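Dear colleague,

Please find the structure below, together with its sequence. My notes on it follow directly after.

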Amino acid sequence: MSESLRRLVNIGTFTVLQEKLERWLGDYYINTCDQNVARGCEIIELNAKVQGQLFKLLNVCAAEGGLYGGANIIKSRLLPWLGQSFFATGGNLSTDTSLTVLAECAAKDREMNHLQTMYETSLDDLEADLRSFRSENQDLRDELRETKDELDYKLRSTSSEKMMMEAELRELKRKLADAEEEVIRLRAKAGLVDDYERKIRNLRDEITYTPVKRTTFADKDITDSVSLYRYVPKVNSPLALDDPVQRVRSQNLISRFNDMFAQDRLNAMDTLRRYSDDNENTQRIIFTALQEAFSTAKQAFRQFKMKVRSNLLKTHFGPETLEEAVQDYINRNTDLYDLPGLVADVIRALNRNPKIYLSPDNTFAIIQPFIRESVKLAWQMSALAHPLDIAIATDAELFDDNKYRRSYDSEYTAPLVNHHIWPCLQQGIRVLVKGEALTRRGASLGSPRRSRSPVRSLSPSLRTRSRSRSVSPMRRARSISPRRSLSPMRYSRY
């Protein structure tokens with residue numbers, strides 16, 4: 001059976017039959033009727049030969065199955081085609097129907113072949129993906145093994161480093177405890193120094209003020225002090241912003257400035273209220289006294305610094321600069337100044353000021369304690385490497401929120417300052433402490449009243465001359481003394 005089937009396949013009869021059908025279709029409209037009939041008979045003969053071979057194969061196949069082998073298939077599929085009208089044109093199945101059935105069978109065969117091909121291709125792809133996944137899985141296993149080995153090594157290293165860090169931490173804690181003990185000792189010593197300075201300040205306050213006789217420091221005193229001075233090199237320059245002396249003294253002076261506003265100012269105002277019931281005049285006196293104290297102290301300090309520089313220049317040699325040596329000397333000798341003389345200068349400047357007044361039988365010496373503290377504060381602020389100073393202030397100027405706050409009795413919609421109550425503290429252009437001012441609408445540069453201090457009420461002729469000069473602010477400005485001309489109201493900080 002298999003040999004007969006193999007010979008039928010090798011002959012390729014169906015291929016020849018298909019080729020003849022295709023050539024007949026191509027020449028159908030060219031051939032004559034006889035030629036087309038001859039072609040059809042030729043194809044039928046060839047088909048009959050093929051059918052004969054197929055029936056022989058069918059007979060052999062059925063014989064191999066025994067007596068009833070293939071009976072059901074023959075009954076259901078072959079016998080209907082072998083009926084009486086099998087080859088007739090008007091039978092149960094037309095020619096088109098037969099061709100349709102054959103075409104459907106061929107399409108199904110092609111579809112099955114296509115599905116089989118797709119299945120085999122998909123299977124090959126899956127096998128390739130599986131091999132790729134297996135390779136990646138193996139790479140991940142190798143990487144995991146390497147990571148595990150690295151982590152084990154790091155854990156061993158970390159444990160040793162942790163022990164070292166714990167030892168360093170214990171050492172740092174020990175050093176910190178030693179440093180805290182040193183700080184406690186230094187604070188105790190600083191407290192003793194503060195007590196000594198407080199006692200010295202109290203002793204100086206007990207010194208009586210004598211306006212006629214004036215004690216000054218002669219140039220010889222400064223020369224003798226400079227001859228004994230020796231500069232000790234420091235880690236930081238005395239002119240540096242982060243110098244400990246600069247930093248500590250600045251903080252203490254700012255705190256003292258605030259204390260004067262909260263305590264000394266109120267005490268001085270209580271004293272002035274005994275002699276004057278004008279609250280505005282009282283506030284002007286306090287503010288002007290502080291201004292004159294800073295102006296007088298700055299002028300005296302400039303002269304003191306020039307004398308120190310000229311004396312050190314004779315004996316100075318490196319490696320530090322001359323300015324560093326001068327500042328170091330000033331830091332060590334901040335109290336080398338004539339406090340009673342400066343207080344007297346401030347009182348004389350107040351007596352010449354036309355904007356403030358007292359009764360004829362009183363002088364501004366009644367607030368001498370406040371003036372003394374103001375001069376001391378101004379001198380110490382001027383002696384810093386980076387000095388502190390009060391801001392320039394004039395009446396009827398525009399109110400500046402960055403420098404001042406309004407007083408409780410101010411008109412908050414007024415843009416001009418009627419008068420200042422407390423100055424603004426600055427370091428360069430940086431505001432450290434805000435001042436206080438009273439704002440009112442219609443504020444002007446004119447003084448509210450004429451002064452009736454003894455200095456300006458000596459004779460009627462002087463009073464008449466003073467009135468004639470008070471008409472114009474420009475003339476009043478020309479009557480200011482040379483020391484008064486150094487007030488922050490006319491000049492900026494040095």
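In strand 6, Ala437 is the bridge partner of Arg406. Please bear in mind that this is a predicted model. The pairing of strand 2 (residues 404-406) with strand 6 is parallel and extends over 3 bridges. On strand 3 (residues 417-422), His419 has Leu438 of strand 6 as its bridge partner. Strand 3 and strand 6 run antiparallel and are joined by 4 bridges.

Strand 6 itself, residues 435-439, is mostly covered, with 5 of its 5 residues buried. Gly435, Ala437 and Thr439 point one way from the strand, while Glu436 and Leu438 point the other way. This fits a general pattern: in a regular strand, side chains alternate between the two faces of the sheet. Is strand 3 enclosed or open to its surroundings? Strand 3 is largely enclosed by the rest of the structure, because 6 of its 6 residues are buried.

Turning to the nonpolar interior, the largest core contains 50 residues. Those with the most contacts inside this core are Phe257, Phe304, Ile371, Val375, Trp379, Met381 and Trp422. Two or more residues each come from helix 7 (244-273), helix 8 (279-315), helix 9 (322-332), helix 10 (339-352) and helix 11 (368-382). Of these elements, helix 8 gives the most, with 12 residues. As a general remark, nonpolar side chains tend to be buried together in soluble globular proteins.

Phe257 may serve as an example. Setting aside neighbours within four places in sequence, Phe257 is in contact with Leu290, Leu377, Met381, Ile390, Trp422, Pro423, Leu425 and Val433. Apart from the largest core lies another one, of 8 residues, which includes Phe287, Ala391, Ala393 and Val417.

Two places outside these cores also deserve a note. Met112, Leu115 and Met118 form a nonpolar patch on the surface, and together they have about 310 Å² of accessible area. Met118 is located in helix 5 (residues 95-205). Why is Met118 classed as partly exposed? Its relative accessible area is 43%, and the partly exposed class lies between the limits of 20% and 50%.

The second place is Ala396, in the loop between strand 1 (389-390) and strand 2. The phi angle of Ala396 is near 65 degrees, a positive value in a residue other than glycine. Ala396 counts as partly exposed, because its relative accessibility is 23%.

For the chain as a whole, the secondary structure comes to 13 helices and 6 strands. The protein chain has 494 residues, of which 32% are buried. Among contacts between residues at least 6 apart in sequence, 74% join residues at least 24 apart. The accessible surface of the chain comes to about 32600 Å², and 57% of this surface belongs to carbon and sulfur atoms.

With kind regards

Key: Residues numbered from 1 in each chain as written. Predicted model: local features only at pLDDT ≥ 70, side-chain atom pairs only at ≥ 80, totals over all residues. Heavy atoms only, no water. Buried < 20%, exposed > 50% of the residue type's maximum accessible area, 1.4 Å probe, protein only. Pairing = 2+ DSSP bridges. Core = buried A, V, L, I, M, F, W, Y, C linked by side-chain atoms within 4.5 Å. Contact = heavy atoms within 4.5 Å. Patch = residues over 30% accessible without salt bridge, like charges linked within 9 Å, V, L, I, M, F, W, Y side chains within 5 Å. Areas by Shrake-Rupley, 256 points an atom, 1.4 Å probe, with all protein chains shown as cover. Salt bridge = Lys/Arg side-chain N within 4 Å of Asp/Glu carboxyl O.
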